[in-house]
Amino acid sequence: MMECSLELYVTVQLLYAAFLGAAIGGRGRREGPLSMAVCLGACCLGILTIYAPASALRLLFAQVVLGVGFFAGLASLLEQKREDGLRSAAFLWVTFSVGLAVAYSMVVPTAVTALVLRHLRRHRARGSGIC
């Protein structure tokens, strides 16, 4: 059982991951909640691998990483344009890695990564051709 200060710290980590996921996804009806869910799920899984004593969780983590790769590839195939599919897959992978980095207390790198992704998404929405 976790002590109170550790539970508070983990809660702050999860909220931070949800915030960054929402920032990455932006205001889109589809991208916003999806990015938040991916980032939050990755953070939660990362926290489980840190604090849970069982080594089986590390195997679970490896399988989830594989699953994210599968969904990223599927997103790539389902998009109408090849570059849109690759972009969706890349954003999904990076959003997952942001959530995982939050779980490992990498505050500054996650903030920088989320800002860069947000910037790229904004330029894509404007049709500037970047990303």
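Let me start with one term: a residue is buried when its relative accessible area is under 20%, and exposed when that figure is over 50%. Keep in mind that this is a predicted model.

Now the overall picture. The protein chain has five helices and zero strands. From the N terminus on, the order is α-α-α-α-α. There are 131 residues in the protein chain, and 31% of them count as buried. The chain exposes about 8,200 Å², with carbon and sulfur atoms supplying 70% of that. On contacts: take those in the chain with a separation of 6 or more. Residues 24 or more positions apart account for 63% of them.

On to helix α1. This helix covers residues 4-25, which is 22 residues. From first C-alpha to last, α1 reaches 32 Å, close to the 32 Å expected at 1.5 Å a residue.

Which residues of α1 are buried? The list is V10, Q13, A17, A18, L20, G21, I24 and G25. Why do they line one face of the helix? Look down the axis of α1: the buried residues fall within an arc of 165°, so they sit along one face. The general background is helix geometry. With 3.6 residues a turn, residues three or four places apart in an α-helix point the same way. Now turn to the face of α1 directed away from the buried side. That face carries the exposed residues C4, L8, L15 and F19. After α1 comes G26, and its phi is positive, near 75°.

Next, the cores. The largest nonpolar core has 13 residues. The members touching the most other members are A17, L20, I24, C43, I47, V98 and V102. Helices α1, α2 (31-51), α4 (82-103) and α5 (107-126) each supply at least two residues of this core. A17, L20 and I24 also appear among the buried residues of α1.

Take L20 in detail. Leaving aside residues up to four places away in sequence, L20 touches V98, V102, T110, A111 and A114. There is also a second, separate core, with eight residues. Its members include A42, A72, F96 and L100.

One last residue: A89, in helix α4. Is A89 buried or exposed? Its relative accessibility is 12%, so A89 counts as buried. Then there is its pairing with G73. The two are 16 residues apart in sequence, and 6.2 Å apart in space, C-alpha to C-alpha.

How values were computed: Residues numbered from 1 in each chain as written. Predicted model: local features only at pLDDT ≥ 70, side-chain atom pairs only at ≥ 80, totals over all residues. Heavy atoms only, no water. Helix = DSSP H or I, 4+ residues; strand = E, 2+ residues; numbered from the N terminus. Expected span 1.5 Å × (residues − 1). Buried < 20%, exposed > 50% of the residue type's maximum accessible area, 1.4 Å probe, protein only. Arc of directions from axis to C-beta. Core = buried A, V, L, I, M, F, W, Y, C linked by side-chain atoms within 4.5 Å. Contact = heavy atoms within 4.5 Å. Areas by Shrake-Rupley, 256 points an atom, 1.4 Å probe, with all protein chains shown as cover.
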